[in-house]
Amino acid sequence: MDYRPEVITRFSALYAASRDGFRKESPELLNRHREGAYSDFIRLGIPDRKNEAYRYTNLEKYLSHDYQGYYLPVEEDFREAEKFHCEVQDLDVWNMVLLNGFFPHGDKGLIMLPGGIWVGSLRAAVKQFPAMVEKHYNRYVDNETDGLVPLNTALASDGLFIYAPRNTVYTKPIQIVNLLHSEKDIFVQDRNLIVVEEGAQLNLLVCDHALSPQHFLTNTVTEVFVNRNARFEIVRVQNQHNNSAKLTHTFIHQERDSFASSNNITLHGGLVRNATWHLLEGENAETHSFGLFLADKHQHVASFVKIDHAAPHCNSTQLFKGVLDDNASGAFNGRIMVRQIAQGTNAYQSNNNILLSEEARMDTKPQLEIFADDVKCSHGATVGQLDENALFYLRSRGIDAREARLMLMFGFAHDVIQNIPIEALRDRIDTLVMQRLRGELSRCASCAIQCN
Amino acid sequence: MENDQDKVLDEVTSGEYKYGFVTDIETDVIPAGLNEDVVRLISSKKEEPEWLLEFRLKAFRHWQTMKMPQWANLKIPEIHYQDIIFYAAPRQKIAPSSLSDVDPELLRTFDKLGIPLEEQKHLTGVAVDAVMDSISVKTTFRETLAEMGIIFCSFSEAVKEHPTLVQKYLASVVPHTDNFFATLNSAVFSDGSFCYIPKGVRCPMELSTYFRINASNTGQFERTLLIADEESYVSYLEGCTAPMRDENQLHAAVVEIVAERGAEVKYSTVQNWYPGDKEGKGGIFNFVTKRGLCKGDDSKISWTQVETGSAVTWKYPSCILRGDNSIGEFYSVAVTNNHQQADTGTKMIHIGKNTRSTIVSKGISAGFGQNSYRGLVKVLKKAQGARNFSQCDSLLLGDKCGAHTFPYIEVDNPSAIVEHEATTSRIGEDQIFYCNQRGISTEDAIGLIVNGYAREVINKLPMEFAVEAQKLLQISLEGSVG
């Protein structure tokens, strides 16, 4: 039985109800895009396995769940959230806690950090920088392949906004801790916009934690505009429980001479799908996409990457790794597209996976689509186990089998972790991954609230 | 030097199609169009038994419910199936017993194509089944092969002479519901080759089928069935050409291979259908379903293909590795020039334990050609110790062509090791410079590099074919380049 018509009906009802609900409160600028986005959603529907981008990911279990509500923030919710403290030691960051994707005190306006970078809610941004939001909002999304993206445009009411004006540099990373907390099973739709202007530098760390055991479905769309000569780095650490589904869609638009890097570290989550789109629109831009996931139980982690070389002399790399245990399944779907104009492209893509158990499953689909001739593009994908020879090497030096396996797996994962630009975080993730591999890290161990 | 190289590439990529002539011969044709009556008529013209007619009708009825697949990375103009002639046969006396019975015009055609139908001239040569349009013209060396128990004949003869074998294996690898084109083929297939190698026999010569489309407006739908019984070995070759015409012609063939325990089948194709002219007008649509079943333990199926022709190629020779320790191989060179498009690759389905597969695919794109590799490596839960290695390289000659790689890897067993790697690049200026420095002209250098690039695959071809394939590569790409 196809579950999708029912879910579409439910979302349509939500959309209809929003007319009298949050839409009245929403800025006109956001409302303007809703009608078109809604019809795009209806046209595309909910992606199923016939959609190449979702071929190996089945959303049914999480989408067909009847979420009791669509989350809208209430002031007192945030008091709870503010108690949260990140446990990463020596992490020198500017920190902000979000609740279910919403900025606390969202309407109070944007905060300016030393150096001139603005952080705040999207709604506040519409008031403060209407022309800029107008210029960038809903411009970089792909509304043709995935119905969940226009669904977000149709339903989102708020989210994170960061604006780095020309030549602004904030020396510390900005850490956004996004907590999921609710008494009910909820459906969260946040919409984020990040604008990095010419010559500016922004280093972002986004941590996801689920605090309450309820079912969560998060459908996040993030648009990033990286102007000439600017530098943007984002690291996501995802640590949610097995009842939560997280779908992220990140669209990074790069202009000439810019640099961007995205790194998704997935430690836990019932279903996690990170879709990252990099569009290299200006010459000599550079972009990197990394991902690491460790999955067990019945978790499913999917990575979707598209790197679109639309200008000459750009470089890109992709490195995605996965370790799968128990009944976990993983999917990788990466594409390098080199348009005819994009001569002088260097693009590299790599996906490696280790299966630890009989029931684990990995599907991978690395793809190249190349229309220019002066290019160097390559990709590689492997699915296998730990190298017997390497194991033997370690064991012959007196390291026991378990420790040797751990060392190799840790080394395997470290390839991705070493690309994290923040040292304190790198060390912390190394520790988390080690704990995770040893089986010591249940979800609660890493959660600062320590509710049980 | 850049310009110089471009100019050479231009010259190089303008080689002409040699086999574009038309044979003037009387043809027996069923009028264009497709309905149940046509299917019945084809069947009755071939004097087929009832079960085969039933099979055709079943396929035809299923086909009517199907839609043409759209997933390939190809731009195919709409095909009007009602305008296609589904059966055309060169008119000749039924079943020529010797060469003198064959229409001399036909013989001249195959002579011109360089296909030896005269056995005495080729002492150790190759046994050939020559298929013109819808029917088999002549099969050579039948008697010699029959002494060893090898059956090598046209499909229609096999239906008459070995109905039990045909009935047992027909559609056992490619069922009549498999895909749009295979189903169409199941309904209207006209002829093809049938081959059976008995237990423990090592076929002493290369078997070969040569396909020729001659009549205009026709589609060619042949069906090849190859059975290698326990511990046998056969090497099979397939070649094809067609006249130059402005309209597109459809070729939808099915090849089924069954390898029993310990058998080895080597299937090589040099595909040289008319690719259309420089503006992309005309040419053959080559939509072929090829699949081998490694049924028994320790069996092996190896596909080697050199794809230089066709306006559009849609072809995925596959191996189902059902027997334990069975081996599947796929070696391919695909060339797309001018406006040619190719979406080709393979499927390796690992079912048995310790099954191994190797995929080597070399794509060469020039002019406006679009070349895609699409492959699936699937390791099922029970396939302990499965091993796959895939390598897909693309070479781009010119800045208006495209090279694409779409591998699918599905692994459901933790002991499997699956590796895939692919590169895309053009001929390096440093490589050309290196050759120039040593007194090799740019033109020769490109030829040298392209040939070296494809060598890994061409080496897998039987000697007789390797020479032809190399020449073909030169014609398709290199023109005057040696």
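## Helix packing, core and chain contact in a predicted model

The buried residues of helix α8(B) pack against five elements of chain B: α2 (36-45), α3 (50-64), β8 (223-228), β11 (254-259) and β13 (283-294). The model described here is predicted. Helix α8 of chain B spans residues 180-188, and 8 of its 9 residues are buried, so the helix is mostly covered. The buried residues are F181(B), A182(B), T183(B), L184(B), N185(B), S186(B), A187(B) and V188(B).

Two of the helices that α8(B) packs against, α2(B) and α3(B), also pair with each other. The axes of α2(B) and α3(B) come within 10 Å and cross at roughly 155°. Angles over 145 degrees count as roughly antiparallel, and α2(B) is therefore roughly antiparallel to α3(B). The crossing of these two helices, α2(B) and α3(B), is right-handed. On the α2(B) side the contact is made by E36(B), V39(B), R40(B) and S43(B), and on the α3(B) side by L52(B), L53(B), R56(B), L57(B) and F60(B). By class, this contact of α2(B) with α3(B) has 5 nonpolar, 1 polar and 3 charged residues.

Chain A offers another helix pair. Helix α1(A), residues 4-18, packs with helix α9(A), residues 148-155, at an angle of about 25°, and the axes are 10 Å apart. Angles under 35 degrees count as roughly parallel, so α1(A) and α9(A) are roughly parallel to each other. The crossing of α1(A) and α9(A) is left-handed. F11(A), L14(A), Y15(A) and S18(A) of α1(A) meet L151(A), A154(A) and L155(A) of α9(A). By class, the contact of α1(A) with α9(A) has 6 nonpolar, 1 polar and no charged residues.

The table sets out the class counts for these helix contacts and for one side of the contact between the chains.

| Contact | Nonpolar | Polar | Charged |
|---|---|---|---|
| α2(B) with α3(B) | 5 residues | 1 residue | 3 residues |
| α1(A) with α9(A) | 6 residues | 1 residue | no residues |
| Side of chain A that touches chain B | 13 residues | 11 residues | 8 residues |

The contact between the chains takes 32 residues from chain A and 28 residues from chain B. On the side of chain A that touches chain B, strands β20 (361-370) and β21 (375-384) of chain A each supply at least two residues.

Chain B as a whole contains 11 helices and 24 strands. Of the 482 residues in chain B, 56% are buried. Among the contacts in chain B with a separation of 6 or more, 83% are between residues 24 or more positions apart.

The largest nonpolar core has 251 residues, and those with the most contacts inside it are I162(A), V196(A), C195(B), I257(B) and V265(B). Leaving aside neighbours within four places in sequence, V265(B) is in contact with L226(B), A228(B), V234(B), Y236(B), I257(B), A259(B), G292(B) and I301(B). I257(B) is thus named both among the residues with the most contacts inside the core and among the contacts of V265(B).

C195(B) is likewise a contact of I151(B), together with H162(B), F194(B) and Y196(B), again leaving aside neighbours within four places in sequence. I151(B) is found in strand β5(B), residues 151-154. I151(B) has 18 C-beta neighbours inside 10 Å and therefore counts as partly exposed. From I151(B) to K315(B) the separation is 164 residues in sequence and 27 Å in space, C-alpha to C-alpha.

Note on methods. Residues numbered from 1 in each chain as written. Chains lettered and ligands numbered in written order. Predicted model: local features only at pLDDT ≥ 70, side-chain atom pairs only at ≥ 80, totals over all residues. Buried ≥ 20, exposed ≤ 12 C-beta atoms within 10 Å, placed from the backbone. Helix = DSSP H or I, 4+ residues; strand = E, 2+ residues; numbered from the N terminus. Contact = placed C-beta atoms within 7 Å. Axes fitted to C-alpha atoms, helices over the stretch in contact; angles between N-to-C directions. Parallel < 35°, antiparallel > 145°, perpendicular 65-115°, else oblique. Left-handed = near helix turned anticlockwise from the far one by under 90°. Nonpolar A, V, L, I, M, F, W, Y, C, P; charged D, E, K, R; others polar. Core = buried A, V, L, I, M, F, W, Y, C linked by C-beta atoms within 7 Å.
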